[in-house]
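Reader: I am new to reading protein models and would like a close look at a single part. Could you take me slowly through one residue and its surroundings, and then set a few others beside it?

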Amino acid sequence: MDIERSLGGWLARCDSGVARAIARRDWSNTRMGPVESWSADLRAILGTVLACPTPMYLAWGPELISFYNDAYEPILGYRAKDALGKPFRDLWASIWDDISPLVDRCLAGESQKMVDMRLDLSRNGFPEESYWTFTYSPVIDTKGDIVGLICVTGETTDRILAERARAKAAERLELAMSSSNSVGIWDWDVIADRLTADSNFANLYGVDPDRAAAGTKVGEFFKGIHPEDRARVEAEVARTIASMGKFSSEYRLLGRDGTVSWVSAQGQCMAGPDGRCVRMPGVSYDITRLKEAELQLRAAKEEREFVLEQFARQRMQSDPQEILRASSEALGKRLGVNRVGFYRLTEPRLVCHEASWSDGTLEPLTGSQPTDYFGQHADAERRAGRALVFGDSRQDSGGKLTPYAEEGVLAGICVPLLTDGKWAAGIYLHQANVRQWTEPEIILAKEIVQQTWLAIERAEALISLSRRVEEQEAALQQREIVLREEFERREAAERQLRQLQKMEAVGQLTGGIAHDFNNMLAVVISGLNLTQRQLSRGNTDVGPYIEGALDGAGRAAALTQRLLAFSRQQPLEPAVIDGNALLMGLSEMLSRSLGETIVLDTKLKPDLWATKVDPNQLENAIINLAVNARDAMPDGGRVTLETANADLTPGMARDVGIEPGAYVRIRVQDTGMGMTPEVLAKAFDPFFTTKPTGRGTGLGLSQVYGFIRQSGGHVTMTSRVGQGTAVDLYLPRSLDHAAQTADDLANDVPQGRPDQVILVVEDEDRVRAFTVASLRELGYTVLEAASGPSALDILAQRPDISLLFTDVVMPQMTGPQLVEQASRLRDDLKVVYASGYTGNSSEIDAKVKAEGNFLPKPFSFGQLARKIAATMG
């Protein structure tokens, strides 16, 4: 498999057996998913693990999926064949009871360290005794969450067994010393300062064996101790003699050829008659191999700590240049080199030097440089992806590296960095003097370089992502501006269209309303003319003419109310009503009005909720719908008035086109001809009618729609050709108790008293005269004013005024303004507003509804009487 092509190079750079095993495996059906979907955090951490020469194990994710490097694989033994991708608990089930507490504490954020812990790994399938020093460290992703753990481990079985053997040897030494028969034995006569020793001891310390056998001063042997350890050993010997204790020490010996060896020396003070030390026999044996193993282990531990420290620091940094600078400085100081730097290929034959560190011995490399600046051999090696390691540029590689020497670089390590398998960048370590690099130094340099490159790629990816997010946000903002401008243009076009439609509607209104008004006024004028002629002849039988004139005037007033309802500007006087009671009151009148061929049914819901609405306008709306239903059934049929409580959920309300909540539903349903979808779509449009010319203005349904919407409700209509039509009126539920419906049709007219004084304010003289005459006819004492200021003067002079009857829309001062100033003079003054139109001012309309009773114009004598009586109380 072409690992570099299939995995984009990040796994191929690790160049290990486990990396190839990961690449060969199909992860699609595992808990991890395809390799291409693995997160940047996992790739960065796994890349570090795979590149590490020390055994490392990664447990990833909620199920702690197993990953490891080549150095760790032998630890698995027979488990290695199916260990990759296996949950941690399943893989190490045999020792889980021993390590699970450590795992739990690590995943809780507490790093764990165990030294020389005995674990039975049974690597070959059989019980075994093994000892391990390891650390568990939590893995933290870029969000700050713990997503697994890393184990850095090393087997200490050999050392433990060696120390055990050493202890046993010490016991044997003790036995040998007691029998005076041991290799490397020495005996020191402290009083005479004469030390005798065998040939083995003499050879260790570089003393002639014959002189050692004959005896010589102890100082001769001290000369063989390493200068850095000699003072310490002499002090330890002096303390042992002074305390009469046992001497035990480990130190270095420096041979004449410069070789260094380690020895362990043990001795025992022998007391003389005075209790002081007179002799010290003892033994020394070579522990060089054991000590070197300990030093290597300590160095490896320090190296791991350094690597992990760099890894943690890099993950905390987001600036690629800062990552390079800090990593270069840390690596340079760790290995004691003169210069560490980073470069990128900007062109096929040109590199650009970026962040670097120098201790001052070599100048930092800056700017651009040809790729073959340090020779063709160095260029070819880096292009091939091979690290370049040299200890003396003057002689190594057959003299092909002399360009380095000419620049003052005698030793170096240059590691090329690949992207998608191609040379893209590199990091170098330069030394101004000859240096023989050790294998651990080379491995550490490569590991830090690869780790740094992964950190740079991660940081640059985050910067690129942030930049894309910012660009997308800017694009969205620009798009929002464009959409807002487009919306404003469209809204302006719609306003213009509405204005054109309004002008067209006004044209239709002029013809339609003029036609109906002419018919109504003809009735009024004819009736009044006939009444006048009959009265001039002395004939008082004029009742039919007056009734005809009143009927025509009433029809004109109803048409005006419809126009105001259509424009949603009619002054309403809502009251809390019982819908069932209102429909029962209308049913008798509708039964007579609909004709003998129409059957009227009522289906009234018991315990119907109350609603707050203008009862007169609601009656008009229902009558209008009933008349429309009658007209849709020329051959007879059935009209049903139905009520119900409707508690609309968000979904139900969305279907109806209304806000969710509690409503009272009033349905007017017929079994008539029904409407086509095209006619139904236009049913509520103003001036739209299917009736013949002269039989309607097309304002009926639009008046119903306008009134219901003005009352906070909604109207829906369903219809099918040949099956009839149903109109649903949805009115908001009121939690107040329903008031009694107005009985405008009642014949009783309440009378007033002369001590009840009413001030009538009306700018229209004829309307004022009619109102004053009507109130006086009812028995009230009446004063009148043509304007608000005049009314205030009268109020100031007449404290006996009980009620203020005022028009709403007047010049100089509106009715609400008059009431506001009048209340300062008389806070107990009762008020009745009268108006047929409050204008476009929602503020005036709100004050009229909030501050007093309202009587819509035109009003009848009976309506005036009942409103005044109700206000007077």
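Author: Asp 807 is found in strand S27, which covers residues 801–807, and please keep in mind that the model in front of you is predicted. The UniProt record, in an unreviewed entry, places the feature "modified residue: 4-aspartylphosphate" at Asp 807, and that annotation may be inferred rather than shown by experiment. With a relative accessible area of 6%, Asp 807 counts as buried, because buried means under 20%. Leaving aside residues up to four places away in sequence, Asp 807 touches Val 761, Glu 762 and Asp 763, and also Gly 815, Ala 834, Ser 835 and Lys 857.

Ser 774 can be read in the same way. Ser 774 belongs to helix H23, residues 765–777, and is buried, with a relative accessible area of 4%. Its contacts, again not counting residues up to four places away in sequence, are Phe 861 and Leu 864.

Two loop residues can be set beside these. Met 244 sits in the loop between helix H11 (227–243) and strand S8 (246–254), and is partly exposed at a relative accessible area of 26%; its phi is near 60°, a positive value in a residue other than glycine. Asp 607, in the loop between strand S19 (598–603) and strand S20 (610–613), likewise has a positive phi, near 55°, without being glycine. Asp 607 is exposed, with a relative accessible area of 72%, since the cut-off for exposed is over 50%.

Conventions
Residues are numbered from 1 along each chain as its sequence is written. This is a predicted model: local features need pLDDT of at least 70, side-chain atom pairs count only at pLDDT 80 or more; totals for chains, interfaces and linings use all residues. Side-chain values use heavy atoms; hydrogens and water are left out. Helices (H or I, at least four residues) and strands (E, at least two) are DSSP runs, numbered from the N terminus. Buried means under 20% relative accessible area, exposed over 50%, partly exposed in between (1.4 Å probe, protein chains only). Contact means heavy atoms within 4.5 Å.
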